[in-house]
Amino acid sequence: MSDGGGESGRESDRATKRKSSDRDFPQAIAKIAVAQICESAGFQGFQQSALETLSEVVVRYIRELGKTAHTYANSACRTECNIFDIIQGLEDLASLQGFSGASDSDHCLAGSGTVREIVQYVSEAEEIPFAHSVPHFPVIRDRKQTPSFLQIGEEPPGDHIPDWLPAFPDPQTYVHSPVTLEQARQHKKAEWSLLNLQQQLACNGLEGPSMIDPGDAAKARRAAETNPFLSAPLHFGEKGVSPVFLPAKLSNEAVVENQAGENHAVANHVSVLETFAPAIELMKSRSCESEEGRKKVLSNQRPAVQFKIEIGKKSTGTALDLSFQNKDVEKITSWFGKDNEKDDKKRRAEKILKESMKNPQELAQL
Amino acid sequence: MNQNQGGNDARHDDDSALSDFLASLMDYTPTIPDELVEHYLAKSGFQCPDVRLIRLVAVATQKFVAEVASDALQQCKARQSAVVKDKRDKQQKDKRLILTMEDLSKALRECGVNVKHQEYFADSPSTGMDPASRDE
């Protein structure tokens with residue numbers, strides 16, 4: 001494979017080379033430099049393997065020169081190298097090929113044959129600057145450090161902990177809390193609200209009342225952008241989540257929109273709505289009171305999930321920094337106020353029956 | 001005494017020549033960028049804040065590469081002249097000078113670097129097989 005010889009050809013070759021063989025940025029730069037020098041020597045094309053080999057040799061040359069110079073400096077009880085260390089290194093490396101005055105044992109280093117050859121080369125060769133501007137590397141990334149107690153303004157828990165140490169992480173990150181189910185439902189709620197917003201935007205002619213405030217919508221969108229969990233709407237049943245709650249108010253409006261906006265809606269949204277259709281129909285069949293906006297729970301999918309939500313109790317499990325979620329949690333708590341009681345009573349009755357059924361069996365086994 | 005003075009003068013000349021050369025190095029921009037040379041020298045433990053020394057290393061490396069390249073070019077031209085004598089028709093095509101592994105390995109052998117290149121790459125199942133028996 002021969003290079004075109006021009007800059008563009010070299011760049012495209014470089015791009016492919018980077019994927020296959022170039023692990024390092026400096027190696028790629030060395031390749032470019034070597035190619036430029038060979039071009040000035042008269043070559044019009046390179047074999048890829050030959051170019052790689054030569055650049056590898058050049059890198060090793062530099063490293064060997066540095067190592068030798070450093071060794072000579074250390075031998076002279078110094079840590080910093082000076083010009084004479086380099087000249088000695090050059091002489092060592094050029095000893096194979098030979099230079100004028102190599103056999104002299106007591107010549108001054110300043111007048112070494114290697115230096116004279118380099119001077120000659122500099123005076124003869126034309127100056128070819130490197131083709132690209134090389135940034136200062138390696139680039140050290142700025143790591144975001146955890147703030148200290150002092151920076152947060154917290155009191156460290158305990159006298160033995162000084163306040164300049166980094167603060168402890170939030171307890172939600174390591175304490176198991178039963179609020180995770182709520183979080184999942186909040187996610188679903190956010191996705192649903194985002195979906196509805198998108199649908200609203202899709203079907204322009206429809207006059208549908210906005211079920212969420214524009215502030216919430218903006219926040220939901222922002223949350224969707226920042227939070228990867230909200231980026232793509234999940235299909236019904238894709239994620240193992242506790243029962244899907246569909247407030248009747250939303251479901252009614254969604255159904256209206258679905259019927260009217262089917263032509264306009266995006267295929268994705270329609271399909272998600274279709275998956276929600278059985279749930280929506282169930283909701284419609286049930287009578288729902290919408291005086292205070294209290295909604296019923298759809299409790300057919302996962303009866304085993306037992307959650308207890310009390311009115312007025314704020315959820316503290318929001319580790320995510322989304323303010324709108326708190327608002328929705330309050331809404332949810334107001335929804336599931338007293339409508340749950342009947343379902344709970346039914347479930348409790350079923351449980352008691354089951355237990356009573358089990359007990360005689362166990363007794364029989366014993 | 002005279003010899004010492006003569007020796008001292010010579011040393012001074014050498015020193016001054018060297019310092020002049022180092023000063024002139026700052027005007028000359030070597031093809032190998034300073035950052036690259038600094039990076040690899042730092043990897044091998046070389047420590048020096050002086051930029052002129054880094055330039056010296058860069059220029060020395062450039063000279064080394066130029067020598068190797070010129071040797072390889074001579075090899076390439078020698079091979080081309082041998083080929084051209086046989087077939088005059090291919091003169092147009094062979095004008096392109098390409099750095100091949102063969103020429104490079106010969107040139108590097110003089111510098112003490114032994115580079116052996118692969119004769120062929122077995123990157124497909126039909127490599128090395130007879131053209132007749134290949135399934136294609």
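Me: Let's start inside one chain. How far apart are the closest N and O atoms of Arg60(A) and Glu56(A)?

Reply: Happy to start there. In this predicted model, Arg60(A) and Glu56(A) form a salt bridge, with their closest N and O atoms 3.5 Å apart. The cut-off to keep in mind is 4 Å between the side-chain nitrogen and the carboxyl oxygen.

Me: Why can Arg60(A) and Glu56(A) be described in terms of a helical turn?

Reply: Look at their spacing in the sequence. The two residues sit 4 apart in helix 3 of chain A, so about one helical turn separates them. Over all chains, the structure holds 9 salt bridges.

Me: How many salt bridges are there between chain A and chain B?

Reply: The count between these two chains is 1. It joins the side chains of Glu117(A) and Lys63(B), at 3.4 Å from N to O. For polar contacts, the count between the chains is 10 residue pairs, both residues being at pLDDT 80 or more.

Me: Which elements of chain A should I look at on the side that touches chain B?

Reply: Those giving two or more residues are helix 2 (25-41), strand 1 (45-46), helix 3 (48-75), helix 4 (83-94) and helix 5 (113-124) of chain A. Helix 3 of chain A supplies the largest share, 15 residues. Sorted by class, this side of chain A has 40 nonpolar, 17 polar and 7 charged residues.

Me: How do I read the extent of the interface? How many residues of each chain are in contact?

Reply: Contact counts and buried area are two ways to look at it. Here 64 residues of chain A are in contact with 57 residues of chain B. The area buried between the chains is about 5,400 Å², and carbon and sulfur atoms give 74% of it. On the chain A side, Phe43(A), Ile62(A) and Tyr121(A) lose the most area to chain B, together 12% of what that side buries.

Me: In which sense does strand 1 of chain A pair with strand 1 of chain B, parallel or antiparallel?

Reply: Strand 1 of chain A and strand 1 (residues 98-99) of chain B pair in the parallel sense, over 2 bridges. To find one on screen, go to Phe46(A), whose bridge partner is Leu99(B).

Me: And where is confidence lowest and highest in chain A?

Reply: A general caution comes first: where pLDDT is low, the predicted coordinates should not be read in detail. Chain A has a mean pLDDT of 68, with 53% of its residues reaching 70 or more. Its lowest confidence is in helix 1 (residues 7-20) of chain A, at a mean of 47, and its highest is in helix 3 of chain A, at 93. Residues 1-18 of chain A have pLDDT below 50, and residues 313-326 of chain A stay under 50.

Me: What is the mean pLDDT of chain B?

Reply: For chain B the mean is 80, and 78% of its residues reach 70 or more. Among its elements, helix 1 (residues 2-25) of chain B has the lowest mean, 74, and helix 2 (residues 34-43) of chain B the highest, 90. For the complex, the predictor gives an ipTM of 0.83 and a pTM of 0.52.

Technical notes: Residues are numbered from 1 along each chain as its sequence is written. Chains are lettered from A and ligands numbered from 1 in the order in which they are written. Side-chain values use heavy atoms; hydrogens and water are left out. Contact means heavy atoms within 4.5 Å. Buried area is the accessible area (1.4 Å probe) that two parts lose on being put together, summed over both. A polar contact is a pair of N or O atoms within 3.5 Å; within protein, one must be able to donate a hydrogen and the other to accept it, and residues adjacent in sequence count only if both atoms are side-chain atoms. Ala, Val, Leu, Ile, Met, Phe, Trp, Tyr, Cys and Pro count as nonpolar, Asp, Glu, Lys and Arg as charged, and the others, Gly among them, as polar. Two strands pair if DSSP finds at least two bridges between them. pLDDT is the predictor's confidence in each residue, from 0 to 100.
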